[in-house]
Amino acid sequence: MLSIGLLLIRLVIGVLFIGHGAQKLFGWFGGYGLKGTGNWMDSLGLKPGVTMALLAGLTELIGGILFTLGLLTPLAGMMIAATMVIAIVKVHRPNGLWSTQNGCEYNLTLLAVAIGIALIGPGQYALDAFLF
């Protein structure tokens with residue numbers, strides 16, 4: 001049952017990060033694409049904005065794919081965690097904790113899940129279990 005729980009967590013979180021990466025990179029799912037996301041990142045002081053949007057989008061997309069598959073799970077967890085730390089520091093922390101005020105509550109949750117899975121492993125229903 002533990003491995004099914006880990007699979008469920010990996011699928012939900014991983015697919016969500018794939019979506020967030022696609023928003024930044026391609027403008028899918030209501031995203032703004034590289035140019036729009038880059039302009040926003042410039043406004044946050046993350047410069048050059050388009051380059052930062054590309055790096056964030058690739059990190060979320062690739063990290064999400066790896067996390068979903070349970071492949072190189074510690075790396076995938078670190079990729080997801082890194083994007084959440086930046087989101088907390090640059091966007092959400094000034095707004096406090098609660099997500100109702102655009103605070104960092106949700107990002108902290110994702111950070112904890114990513115680090116937790118990276119530390120305990122992806123379970124038996126993961127490519128890591130078959131390959132390593």
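How are α2 and α3 oriented to each other, roughly parallel or roughly perpendicular? I would like to start there this morning, and I should say at once that what we are looking at is a predicted model. Two packed helices are described by the angle between their axes and the distance between the axes. For α2 and α3 that angle is about 110°, and the axes are 7 Å apart. An angle from 65 to 115 degrees counts as roughly perpendicular, and α2 and α3 are therefore roughly perpendicular to each other. As for the hand of this arrangement, α2 passes α3 in a right-handed crossing.

If you look at the residues involved, the α2 side of the contact consists of Leu34, Lys35, Thr37, Gly38, Met41 and Asp42, and these meet Gly49, Val50, Met52, Ala53, Leu54 and Ala56 on the α3 side. Sorted by class, this contact of α2 with α3 has seven nonpolar, three polar and two charged residues.

Let me now move to the other partner of α2 that I want to show, which is α1. Here α1 and α2 pack with their axes 5 Å apart and at an angle of about 95°, which makes α1 roughly perpendicular to α2. From α1 the contact takes Gln23, Lys24, Leu25 and Phe26, and from α2 it takes Gly33, Leu34, Thr37 and Met41. By class, four nonpolar, three polar and one charged residues make up the contact of α1 with α2. You may have noticed that Leu34, Thr37 and Met41 of α2 are named in the contact with α1, and that Leu34, Thr37 and Met41 are also named in the contact with α3.

Phe26, which we have just met in the contact of α1 with α2, brings me to the aromatic residues. A pair of aromatic rings is described by the distance of the centres and the angle of the planes. How many aromatic pairs does the structure hold? There are two aromatic pairs. In one of them, the rings of Phe26 and Trp28 have centres 4.8 Å apart and planes at 35°, so this pair is tilted. In the other, the rings of Trp28 and Phe29 have centres 6.2 Å apart and planes at 90°, so that pair is edge-to-face. Taken together, the ring pairs link Phe26, Trp28 and Phe29 into a cluster.

How open are these residues to the surroundings? Phe26 has a relative accessibility of 45% and therefore counts as partly exposed, whereas Phe29, at 62%, counts as exposed. Phe29 lies in the loop between α1, residues 2-26, and α2, and although Phe29 is not a glycine, its phi is positive, at about 55°.

There is another residue with a positive phi that I would point out, namely Leu72, where the value is about 50°, and Leu72 is not a glycine either. Its place is in the loop between α3 and α4, the latter spanning 73-92, and with 37% relative accessibility Leu72 counts as partly exposed.

Let me go back to the loop between α2 (33-43) and α3 (49-69), which is where Pro48 is found. The peptide bond from Lys47 to Pro48 is cis, with omega near -5°. Leu44 lies in this loop between α2 and α3 as well, and its relative accessible area of 22% makes Leu44 partly exposed. What does Leu44 touch, if we do not count residues up to four places away in sequence? The answer is Lys90 and Val91. Leu44 and Val91 are 47 residues apart in sequence, and their C-alpha atoms are 7.6 Å apart in space.

That takes us to α4, whose buried residues are Thr73, Ala76, Gly77, Met79, Ile80, Ala81, Thr83, Met84, Ala87, Ile88 and His92. Which elements are included in what covers these buried residues of α4? They include α1, α3, α5 and α6, with α6 at 127-131.

My final stop is Asn102, in the loop between α4 and α5, where α5 runs over 105-120. Asn102 is partly exposed, with a relative accessible area of 40%. Leaving aside neighbours within four places in sequence, Asn102 is in contact with Asn95 and with His92, and His92 is one of the buried residues of α4.

Key
Residues are numbered from 1 along each chain as its sequence is written. This is a predicted model: local features need pLDDT of at least 70, side-chain atom pairs count only at pLDDT 80 or more; totals for chains, interfaces and linings use all residues. Side-chain values use heavy atoms; hydrogens and water are left out. Rings of Phe, Tyr and Trp (its six-membered ring) pair if their centres lie within 6.5 Å; planes under 30 degrees apart count as stacked, over 60 as edge-to-face and the rest as tilted. Buried means under 20% relative accessible area, exposed over 50%, partly exposed in between (1.4 Å probe, protein chains only). Helices (H or I, at least four residues) and strands (E, at least two) are DSSP runs, numbered from the N terminus. Axes are lines fitted to C-alpha atoms, for helices over the stretch in contact, and angles run from 0 to 180 degrees between N-to-C directions. Angles under 35 degrees count as roughly parallel, over 145 as roughly antiparallel, 65 to 115 as roughly perpendicular and the rest as oblique. A crossing is left-handed if the near helix is turned anticlockwise from the far one by less than a right angle, and right-handed if clockwise. Contact means heavy atoms within 4.5 Å. Ala, Val, Leu, Ile, Met, Phe, Trp, Tyr, Cys and Pro count as nonpolar, Asp, Glu, Lys and Arg as charged, and the others, Gly among them, as polar.
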